[in-house]
Every structure is written in structure tokens, then in C-alpha cells.
Amino acid sequence: LVDHLSKDNSERWKQRYYASDTFFDGPGSPIFLIMGGEGAIEPSTGIYYPFIANHLAKDFGAYVLQPEHRFYGESQPMGSSFNFSN
């Protein structure tokens, strides 16, 4: 288990995310954060909402970042073998 409040706990987990810097204009430009909801984001899906990644990012020179919701897909803070019935 990852304890975010303990200074003595050094446990970490890998957070899967997708990013696009295709239209990013550099420092001072916006970062669009897409919260995809409760579910895994498979690599075949990539970034949800292509309108944001392909149109709004281009118009605003933005970087696009979409984290996978933790506890879904590959982003498991307690590991994929954690048993909730303990």
C-alpha cells in the first residue's frame, strides 16, 4: 500500500499516461489535462477526445496530458495482485 502521508514510506507505483507535444509552443503555453474518467486507457485508444489533442491544442499551442485513473488498467497503487477480501 502506498502511504502518501508517511515520510518514511518510499513505495511508488507506475502511473500510465499519454502525452502529446505536437503543437506545444513551449514555456508560457497552456497544458491541457484530460481526465478520462474511471477506466483503463489502453495504448490502442491513446488520448481520448481527439478534438482537444488535434484542434484545441493546435489553436492554443498547448501540451496535452492524460493520466490513466489510478486503480484502473496499469495504474495500480496497491499492485495488481492486491486482495480486497483481507
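Three bridges tie E2 to E3, and the two strands run parallel. Strands here, like helices, are DSSP runs numbered from the N terminus (E, at least two residues, for strands; H or I, at least four, for helices), and two strands pair if DSSP finds at least two bridges between them. Keep in mind that this is a predicted model: local features need pLDDT of at least 70, side-chain atom pairs count only at pLDDT 80 or more, and totals for chains, interfaces and linings use all residues. Numbering starts from 1 along each chain as its sequence is written, and side-chain values use heavy atoms, with hydrogens and water left out.

**Overall layout**
- The protein has one helix and three strands, running β-β-α-β from the N terminus.
- Of the 86 residues, 24% are buried (buried is under 20% relative accessible area, exposed over 50%, partly exposed in between, with a 1.4 Å probe and protein chains only).
- Take the contacts (heavy atoms within 4.5 Å) between residues at least 6 apart in sequence: 73% of them join residues at least 24 apart.

**The sheet**
- The three strands form an open sheet in the order E1-E3-E2, with mixed pairing.
- E1 and E2 (31-33) are the edge strands, each pairing on one side only.
- On average, neighbouring strands of this sheet are turned by 15° against each other, direction ignored (axes are lines fitted to C-alpha atoms, for helices over the stretch in contact, and angles run from 0 to 180 degrees between N-to-C directions).
- E1 pairs with E3 (residues 63-67) in the antiparallel sense over four bridges, and Ala19 has Leu65 as its bridge partner in E3.
- Over on E2, Ile31 has Tyr63 in E3 as its bridge partner.
- Side chains alternate along E1 (residues 17-20): Tyr18 and Ser20 point to one face and are buried, while Tyr17 and Ala19 point to the other and are not.

**The helix**
- H1 (residues 50-60) lies across E2 and E3, at about 155° to E2.

**Aromatic pairs**
- There are two aromatic pairs, counting rings of Phe, Tyr and Trp (its six-membered ring) with centres within 6.5 Å; planes under 30 degrees apart are stacked, over 60 edge-to-face, and the rest tilted.
- Phe24 and Tyr63 have ring centres 5.5 Å apart and planes at 75°, so they sit edge-to-face.
- That pair links the loop between E1 and E2 (Phe24) to strand E3 (Tyr63), 39 residues apart.
- Phe24 is partly exposed at 33% relative accessibility, and Tyr63 is partly exposed at 25%.
- Phe32 and Phe60 are also edge-to-face, because their planes are at 70°, with centres 5.9 Å apart.
- Here Phe32 in strand E2 meets Phe60 in helix H1, 28 residues apart.
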